[in-house]
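Please open the structure in a viewer and keep the sequence panel visible. The tour below proceeds by selection, with a short account of what is found at each stop.

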Amino acid sequence: MRHVFIVNPVSGKKDATRAMVPVIQQAAEAAGITPEFEMTEAPKHATYIASTIAGTGQAVRLYSVGGDGTLNEIFAGAYPFPNAQVACLPCGSGNDFIRMFGDAQQFLDIGAQIQGEAVPIDLMEVDGGICAAITSTGLDADVAYNIPKYRRIPFLGGSMAYNISIVEKLLKPLGRRLHITVDGESWEDDYLIATVCNAQHYGGGYQAAPMARLDDGQLDVILVKKVSRLLIASIIGPYKKGEHYVDGRLADKFKDVMVYRSAKEVEMHPVYGDSFVLNVDGECGPAPRLFAKVMPKAARFVLPAPLAAAYKTQA
């Protein structure tokens with residue numbers, strides 16, 4: 001099997017090339033493998049690299065050395081090819097996808113990654129590509145859209161940049177009327193946040209979907225209704241911790257302000273205006289709609305050896 005490390009040199013707060021390449025080389029030598037390195041040069045370049053290498057048909061493990069956006073691009077290039085596995089060395093500002101399985105230090109154990117095992121996981125089909133974790137619109141997407149101007153300021157990476165962006169957004173008009181279709185059922189209402197989740201976390205650790213699993217063939221839809229600013233303060237904290245969903249259902253105190261649905265396919269449109277800000281695995285921009293459809297067992301994701309054993313026990 002080839003071991004190819006796809007490095008995004010501008011991911012996170014420091015140059016991942018300088019930080020990771022010597023460490024990878026040392027760990028690979030100790031494991032008796034020859035690492036190959038590819039450096040991304042532009043958005044979507046990781047998708048091209050992954051697709052080109054996987055398309056040779058040779059067994060390959062593609063390591064994402066970057067953040068959630070880089071990981072998304074590699075999944076997009078690799079998933080059509082059963083000979084390709086995807087691993088993650090998290091170097092981004094949020095690193096939310098891996099929180100489903102463990103923490104960043106466990107995934108940065110390169111020896112454990114080389115000895116790791118690939119497990120089948122679901123993906124989401126979205127407009128223009130795929131989504132591995134969460135796609136959303138509303139307050140969360142608007143906040144994430146503003147994060148780049150904060151995250152490279154010293155001491156303002158990850159969750160802190162996210163929290164500061166929230167404060168900025170709360171000073172502006174909130175909520176939007178959406179037309180939503182979930183597995184053929186449609187309705188309209190005013191929402192503060194609308195998320196479609198394959199994984200549990202986004203936004204630097206916000207646990208939007210504590211019920212989500214990556215291998216259940218289902219999407220989890222969590223909608224937060226438009227509420228007053230005073231109520232927002234009492235919602236955001238529990239929402240971040242995943243306390244809005246307990247014992248297999250929405251907690252009683254959130255039933256009037258949240259909606260939960262399990263789904264295979266979801267579509268959302270703004271009722272007023274041509275577009276809204278759409279988040280797809282942390283990458284945000286204006287879009288005319290949110291569309292998501294589950295892709296069961298579409299990808300093969302590598303878990304470091306200790307986490308792979310624990311995951312199979314839980315399955």
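**First stop: aspartate 96**

Select aspartate 96 together with glycine 205: the aspartate side chain reaches the backbone nitrogen of glycine 205 at 2.8 Å. Add glycine 203, whose backbone nitrogen lies 3.1 Å from a polar atom of the aspartate 96 side chain. The model under inspection is a predicted one. Aspartate 96 belongs to the loop between β4 (84–90) and α4 (104–107).

Is aspartate 96 buried or exposed? With a relative accessibility of 7%, aspartate 96 counts as buried. To display its surroundings, select Asp68, His201, Tyr202, Gly203, Gly204 and Gly205, which are the contacts of aspartate 96 once neighbours within four places in sequence are left aside.

Next, show the side chain of arginine 99. Arginine 99 and aspartate 96 meet in a salt bridge, at 3.0 Å from N to O. Whereas aspartate 96 is buried, arginine 99 is partly exposed, with a relative accessible area of 34%.

**Second stop: other salt bridges**

Side chains of opposite charge can pair when their charged atoms come close. How many salt bridges does the structure hold? The structure holds 10 salt bridges.

Select glutamate 185 and arginine 261, whose side chains form a salt bridge with an N to O distance of 2.9 Å. Glutamate 185 lies in strand β9 (residues 185–197) and arginine 261 in strand β15 (residues 258–263), so this pair ties together parts that are 76 residues apart in sequence. Glutamate 185 is partly exposed at 42% relative accessibility, and arginine 261 is also partly exposed, with a relative accessible area of 27%.

Move to lysine 255 and aspartate 252, another salt bridge, in which the closest N and O atoms are 3.2 Å apart. Lysine 255 is partly exposed, with a relative accessible area of 44%, while aspartate 252 is exposed, with a value of 51%. Then select Asp127, Glu267 and Arg289, which are joined into one network by salt bridges that share partners.

**Third stop: aspartate 122**

Select aspartate 122 in strand β5 (residues 117–126). Which side chain of opposite charge is nearest to aspartate 122? That side chain is lysine 297, 4.6 Å away; aspartate 122 is buried yet has no salt bridge. A salt bridge requires a side-chain nitrogen of Lys or Arg within 4 Å of a carboxyl oxygen of Asp or Glu, so a separation of 4.6 Å does not qualify.

Now show the backbone of glycine 217, because its nitrogen is reached by the side chain of aspartate 122 at 2.7 Å, which is within the 3.5 Å limit for a polar contact. Neighbours within four places in sequence aside, the residues in contact with aspartate 122 include Asn198, Leu214, Asp215, Asp216 and Gln218, as well as Val294, Met295, Pro296 and Ala298.

**Fourth stop: the cysteines**

Colour the cysteine sulfur atoms. The structure holds zero disulfides. Cysteine 88 is in no disulfide, and the nearest cysteine sulfur, that of cysteine 91, is 7.9 Å away. Cysteine 88 is buried, with a relative accessible area of 3%. Then select cysteine 131 and cysteine 197: the sulfur of cysteine 131 has its closest cysteine sulfur in cysteine 197, at 8.9 Å, which is too far for a bond. Cysteine 131 is buried as well, at 0% relative accessible area.

**Fifth stop: helix α6 and glycine 12**

Select residues 139–146, which form helix α6. This helix is mostly covered, six of its eight residues being buried. Which residues of α6 are buried? They are Leu139, Asp140, Ala141, Val143, Ala144 and Asn146.

Continue to glycine 12, in the loop between β1 (2–7) and α1 (16–31). Glycine 12 is buried, with a relative accessible area of 14%. Draw a line from its C-alpha atom to that of valine 182: the two residues are 170 residues apart in sequence and 35 Å apart in space.

**Last stop: the whole chain**

Return to the full view. The protein chain has 10 helices and 19 strands, and its C-alpha atoms fill a box of roughly 60 × 40 × 35 Å along the principal axes. For 315 residues, a compact globule would have a radius of gyration near 20 Å, and the 19 Å of this chain agrees. Of those residues, 55% count as buried. Among contacts between residues at least 6 apart in sequence, 73% join residues at least 24 apart.

Methods. Residues numbered from 1 in each chain as written. Predicted model: local features only at pLDDT ≥ 70, side-chain atom pairs only at ≥ 80, totals over all residues. Heavy atoms only, no water. Helix = DSSP H or I, 4+ residues; strand = E, 2+ residues; numbered from the N terminus. Buried < 20%, exposed > 50% of the residue type's maximum accessible area, 1.4 Å probe, protein only. Disulfide = S-S within 2.5 Å. Lys, Arg positive; Asp, Glu negative; His and termini not counted. Polar contact = N/O pair within 3.5 Å; in protein donor to acceptor, adjacent residues only side chain to side chain. Contact = heavy atoms within 4.5 Å. Rg over C-alpha atoms; globule rule 2.2 N^0.38 Å.
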